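Visitor: Hi! I'm new to looking at protein models. Could you walk me through this one?

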Amino acid sequence: MTTSILALEPGFFRVIGGGLGAIVLYALVGLLLMLLGFYAIDLTTPGKLNQLVREGRPNAVAVTAFGMVSMAFIIVVAIYGSSGRLLEGLLASLIFGLVGIVVQAIAVRILEWVTGIDIGDVLAAEERRPQAFVVCAAHIALGLVVAVAIL
C-alpha cells in the first residue's frame, strides 16, 4: 500500500469553497455593519465625523476607531455563536450588529450627557483631550457587554 503526501481527502475542495464563501459573506456583513456603525456615530454626534477623521483630528480618529473595534466584538461573537451554521450566523451577525449599533449610539450619548462632555468640541479639537478616552472606553465596554449578551 502506498500513501501519497499530495493526496487530498474526498470533498476537500467543497469544504474549502464553502469556507471561502462564508468568509466573503461574513466580511460583507461585517463591512456593512461597520459602515452603519460609523454613520450612527456620525449622525449622533455634532459635526461631520468623516471630515474630522480625514483631517486627522486625534479625538475623532480615536472615538471612531474604538467604535469600529467595539462593533467587531459584536460581530465576532455573533459569528462564533452561530456554531458553523452559515445562514443563522449571517442573520445573527446582522441582527445583533444592528441592535449593538443602536444600543451603543444611545448609551454613549447618555454617558456624554451624564459626564457633561461636549463631544462636538472634543472631536473637533486639534489636540488630544482626556474626555475622548472616556468615550472610547464607553464604546469598548458597551461592545463587550452586547457581545457577551449574545452568548
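Visitor: Of the contacts in the protein chain with a separation of 6 or more, what share comes from residues 24 or more positions apart?
Guide: Happy to help! This is a predicted model, and in it residues 24 or more positions apart account for 77% of those contacts.

Visitor: And how many helices and strands are there?
Guide: The protein chain has six helices and zero strands. Read from the N terminus, the order is α-α-α-α-α-α.

Visitor: What size of box do the C-alpha atoms fill?
Guide: The box is roughly 75 × 30 × 20 Å along the principal axes. The radius of gyration of the protein chain is 20 Å, while a compact globule of 151 residues would have one near 15 Å.

Visitor: OK, now the inside. What percentage of the residues is buried?
Guide: Buried residues are 38% of the 151 in the protein chain.

Visitor: Which residues touch the most other members of the largest nonpolar core?
Guide: That core has 33 residues, and the ones touching the most other members are Leu33, Leu49, Met71, Ile74, Leu123 and Val135. Helices 1, 2, 3, 4, 5 and 6 each supply at least two residues of this core. Helix 3 gives the most, with nine residues.

Visitor: Let's zoom in on leucine 33. What is it in contact with, leaving aside neighbours within four places in sequence?
Guide: Leucine 33 is in contact with Met71, Ile75, Ser93, Leu94, Gly97, Leu98 and Ile101.

Visitor: Serine 93 caught my eye. Is it buried or exposed?
Guide: Serine 93 counts as buried because its relative accessibility is 1%, and the cut-off for buried is under 20%. Serine 93 lies in helix 4. Not counting residues up to four places away in sequence, serine 93 touches Tyr26, Val29, Leu33, Ile75, Ala78 and Ile79.

Visitor: How about glycine 21, where is that?
Guide: Glycine 21 is in helix 1. With a relative accessible area of 29%, glycine 21 is partly exposed. Its C-alpha atom is 29 Å from that of valine 102, which is 81 residues apart along the chain.

Visitor: New topic: at what angle do helix 4 and helix 6 pack?
Guide: They pack at about 145 degrees, with their axes 9 Å apart. The crossing of helix 4 past helix 6 is right-handed.

Visitor: Which residues meet there?
Guide: Helix 4 brings residues including Phe96, Gly100, Val103 and Leu111, and helix 6 brings residues including Val134, Ala138, His139 and Leu142. By class, this contact of helix 4 with helix 6 has eleven nonpolar, four polar and one charged residues.

Technical notes. Residues numbered from 1 in each chain as written. Predicted model: local features only at pLDDT ≥ 70, side-chain atom pairs only at ≥ 80, totals over all residues. Heavy atoms only, no water. Core = buried A, V, L, I, M, F, W, Y, C linked by side-chain atoms within 4.5 Å. Buried < 20%, exposed > 50% of the residue type's maximum accessible area, 1.4 Å probe, protein only. Helix = DSSP H or I, 4+ residues; strand = E, 2+ residues; numbered from the N terminus. Contact = heavy atoms within 4.5 Å. Axes fitted to C-alpha atoms, helices over the stretch in contact; angles between N-to-C directions. Left-handed = near helix turned anticlockwise from the far one by under 90°. Nonpolar A, V, L, I, M, F, W, Y, C, P; charged D, E, K, R; others polar. Rg over C-alpha atoms; globule rule 2.2 N^0.38 Å.
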